Amino acid sequence: MLKKKHISALQMAAAVTASLVVLGCASVDSAATLDTMTQQMVKTSFRDQGIAKVDRLQQDESNAACSVADASGTPLSEAQSKTIEAANLKTVQWPKDGKFIGDWKEGEKIAQNGRGMTWTDKPGSANGGNCYNCHQISPQEISFGTLGPSLYNYGKLRGVQDTNSPEARAIVEYTWGKIWNAKAYNACSGMPRFGHSGILAEAQVRDVVALLLDPKSPVNR
């Protein structure tokens, strides 16, 4: 997380508009002009510090398209969504050794861990997944967010009895891909693209997949 002034995008836009009024320039040519001015103000409010760099402000085409759709209140067309999903699916890196399932106990630690990627963290230090911030997962954890759907019984509800069986292959691959880059399956998903963005390493993704799918995991008991 970047060290910055805690001002929302709406507050920033309001500040720009207020400044224009004070200067006698309340008339702006277009919404695009206001957007550009707001973006410039946001950029000047951030700076590189430690491992947190200002390049985090740069949106790729997928995020930019979803931001425009959200701001305008007009959802992406089906064609736009499919194009974004197809482009993101190409970025999914499948396990080099072909092993999708790791250690669910390590996966639980990653799900519980919300640390990482702040300016005080050392380069190369492992990040957490902070999964409980948005999902119910293990029934033993009573503190969880509800931004995302419950993942309790994730594998059990999908009929996974043996993660190495041919019958489970499709859901195992889907789960890996979803964690690696959620936009491959939902164009404007709010879920972090853990593998694609370098938040979690391949071994960590493997362990989180195990947490969700291993029949021995508390998730599926």
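**Entry 1. Terms and overall fold**

I begin with a term: a helix here is a DSSP run of H or I at least four residues long, and helices are numbered from the N terminus. I note that the model is predicted. I first looked up the secondary structure of the protein and found 8 helices and 0 strands. Along the sequence I read the pattern α-α-α-α-α-α-α-α.

I then looked up burial, and 36% of the 221 residues of the protein count as buried. I also looked up contacts between residues at least 6 apart in sequence, and 61% of these contacts join residues at least 24 apart.

**Entry 2. A salt bridge within helix H5**

I turned to helix H5, which spans residues 104-112. Which residue does the side chain of Lys109 meet in a salt bridge? I found Glu106, with a distance of 3.1 Å from N to O. Both residues lie in H5, 3 residues apart, and I record this spacing as about one turn of the helix.

I looked up the accessibility of each partner. Lys109 has a relative accessible area of 54%, and because the cut-off for exposed is over 50%, I enter Lys109 as exposed. Glu106, at 32% relative accessibility, counts as partly exposed.

**Entry 3. Where H5 meets H8**

I next examined the packing of H5 against H8. Two packed helices are described by the angle between their axes and the distance between the axes. For H5 and H8 I noted an angle of about 100 degrees, with the axes 7 Å apart. The angle makes H5 roughly perpendicular to H8, because values from 65 to 115 degrees are placed in that class.

I listed the residues that make the contact. From H5 they are Trp104, Glu106, Gly107, Glu108, Ile110 and Ala111. From H8 they are Gln204, Asp207, Val208, Ala210 and Leu211. I sorted the residues of this contact into 6 nonpolar, 2 polar and 3 charged. I note that Glu106, already entered for its salt bridge with Lys109, is one of the contact residues.

**Entry 4. Where H7 meets H8**

I then looked up helix H7 (residues 169-180) beside helix H8 (residues 202-213). Their axes come within 10 Å and cross at roughly 130 degrees. Are H7 and H8 oblique or perpendicular to each other? I enter them as oblique, because 130 degrees lies outside the ranges for roughly parallel, roughly antiparallel and roughly perpendicular. H7 passes H8 in a right-handed crossing.

On the H7 side I listed Ile171, Val172, Thr175, Trp176, Ile179 and Trp180. On the H8 side I listed Glu202, Val205, Arg206, Val208, Val209, Leu212 and Leu213. The residues of this contact divide into 10 nonpolar, 1 polar and 2 charged. I note that Val208 is named in the contact with H7 and also in the contact with H5.

**Entry 5. Salt bridges in and after H8**

How many salt bridges does the count come to? I recorded 8. One of them joins Glu202 and Arg206, the closest N and O atoms being 3.1 Å apart. Both residues lie in H8, 4 residues apart, which is about one turn of the helix. Glu202 is buried, with a relative accessible area of 16%, and Arg206 counts as buried at 13%. Both residues also belong to the contact with H7.

I looked up a further pair, Asp214 and Lys216, whose closest N and O atoms are 3.4 Å apart in a salt bridge. Are these partners buried or exposed? Asp214 counts as buried at 8% relative accessibility, whereas Lys216 is exposed at 53%. Elsewhere, salt bridges that share partners join Lys96, Asp97, Glu202 and Arg206 into one network.

**Entry 6. Two residues with positive phi**

I looked for positive phi in residues other than glycine. Met117 has a positive phi of about 65 degrees, and I placed Met117 in the loop between H5 and helix H6 (154-157). Met117 is partly exposed, with a relative accessible area of 26%. Asn130 has a positive phi near 55 degrees and is also found in the loop between H5 and H6. At 33% relative accessible area, Asn130 is partly exposed.

**Entry 7. Val42**

Last, I looked up Val42, which lies in helix H2 (residues 31-44). Val42 counts as partly exposed at 24% relative accessibility. Leu57 is 15 residues from Val42 along the chain, and I noted 8.7 Å between their C-alpha atoms.

Technical notes: Residues are numbered from 1 along each chain as its sequence is written. This is a predicted model: local features need pLDDT of at least 70, side-chain atom pairs count only at pLDDT 80 or more; totals for chains, interfaces and linings use all residues. Side-chain values use heavy atoms; hydrogens and water are left out. Axes are lines fitted to C-alpha atoms, for helices over the stretch in contact, and angles run from 0 to 180 degrees between N-to-C directions. Angles under 35 degrees count as roughly parallel, over 145 as roughly antiparallel, 65 to 115 as roughly perpendicular and the rest as oblique. A crossing is left-handed if the near helix is turned anticlockwise from the far one by less than a right angle, and right-handed if clockwise. Contact means heavy atoms within 4.5 Å. Ala, Val, Leu, Ile, Met, Phe, Trp, Tyr, Cys and Pro count as nonpolar, Asp, Glu, Lys and Arg as charged, and the others, Gly among them, as polar. A salt bridge is a side-chain nitrogen of Lys or Arg within 4 Å of a carboxyl oxygen of Asp or Glu. Buried means under 20% relative accessible area, exposed over 50%, partly exposed in between (1.4 Å probe, protein chains only).
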